[in-house]
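Student: I am new to this one. Could you show me the sequence and the model, and then take my questions?

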Amino acid sequence: MNFSEIAKTRQSCRLFDGTKQVENEKIDVILESARLSPSACNAQPYHFTVCKGEAAKKVAEATRGMGMNKFTEDVPVMIVISEEAYNKTAGIGSKIKDNDYRSIDIGIATAYLTAEASAQGLETCILGWLDDKKIRKICNLNHPVRLVIALGYPKENYELREKKRKSIDELVTVIE
Ligand SMILES: Cc1cc2nc3c(=O)[nH]c(=O)nc-3n(C[C@H](O)[C@H](O)[C@H](O)COP(=O)(O)O)c2cc1C
């Protein structure tokens, strides 16, 4: 798949097959692509904790509540993305320019991770509705949890949805 095909076919999966495990080799490829993503001053201010088995079940439980994310009961792998400290230059740049580069960096790494998962024939759902305290405890983390990525294979009959997005005209302004 080329990148345009990945952009068209990646979608948030909410119908995982809990009986189908994800191959470790594929998880390695996905994490390697996330590792290669760019970040402000190359600070890479994030950490990935891969949760499988019981750990995945516990993290999944910590993403549910108020009717949200019920589908996570069937997710075989949960990748927890926590925010690490800036390096010196990114920290200074962020202060001077009043810009939260860490969130941006985590977003870019997440885009790489989910795009590579699609290229590997896997499905993902980015989860921002999460219980930071609970997940930190499960994963033994000292830093804030920003996102959890649900990863796995879909159930049979899982279908591609039509994308709902703003039009290019709404999104883009060209100034010459
Ligand atoms: C930062 C972020 C947080 C998100 N949190 C959740 C979530 O907690 N639960 C969920 O089902 N989807 C979540 N999503 C998925 C979005 O709803 C989804 O990406 C968006 O509606 C576009 O649909 P698509 O991913 O299928 O193209 C999140 C996406 C992002 C980028």
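Student: Which strand gives the most to the shell around the ligand?
Tutor: This is a predicted model, where local features need pLDDT of at least 70, side-chain atom pairs count only at pLDDT 80 or more, and totals for chains, interfaces and linings use all residues. Residues are numbered from 1 along each chain as its sequence is written, and side-chain values use heavy atoms, with hydrogens and water left out. Strands are DSSP runs of E, at least two residues, numbered from the N terminus. With 3 residues in the shell, the top contributor is strand 3 (residues 123-127).

Student: How do the residues of the shell divide?
Tutor: The ligand has 15 residues around it, each with a heavy atom within 4 Å of it. Ala, Val, Leu, Ile, Met, Phe, Trp, Tyr, Cys and Pro count as nonpolar, Asp, Glu, Lys and Arg as charged, and the others, Gly among them, as polar. The split is 6 nonpolar, 4 polar and 5 charged.

Student: Which backbone has a polar atom 3.0 Å from a nitrogen atom of the ligand?
Tutor: Start with the side chains. Arg14 places an N or O atom 2.7 Å from a ligand oxygen, and Asn69 places one 2.7 Å from a ligand nitrogen. For the backbone, the residue is Ile126.

Student: How much of the ligand's exposed area does the protein bury?
Tutor: Areas come from the Shrake-Rupley method with a 1.4 Å probe. Taken alone, the ligand exposes 620 Å². The protein buries 62% of that.

Student: How far apart are the closest N and O atoms of Glu32 and Arg35?
Tutor: Both sit in helix 2 (residues 24-35), a DSSP run of H or I with at least four residues. Being 3 residues apart there, they are separated by about one helical turn. They form a salt bridge (a side-chain nitrogen of Lys or Arg within 4 Å of a carboxyl oxygen of Asp or Glu). The closest N and O atoms are 2.8 Å apart.

Student: Which residues are linked with Glu83 in a network of salt bridges?
Tutor: Glu83 lies in strand 2 (residues 77-83) and meets Arg102 of helix 5 (residues 101-119) at 3.3 Å, N to O. Glu83 also pairs with Arg146 of strand 4 (residues 145-152), at 2.9 Å. The linked residues are Arg102 and Arg146.

Student: Is Glu83 buried or exposed?
Tutor: Buried means under 20% relative accessible area, exposed over 50%, partly exposed in between (1.4 Å probe, protein chains only). Arg146 is partly exposed at 39%. Glu83 has 6%, so it counts as buried.

Note on methods: Polar contact = N/O pair within 3.5 Å; in protein donor to acceptor, adjacent residues only side chain to side chain.
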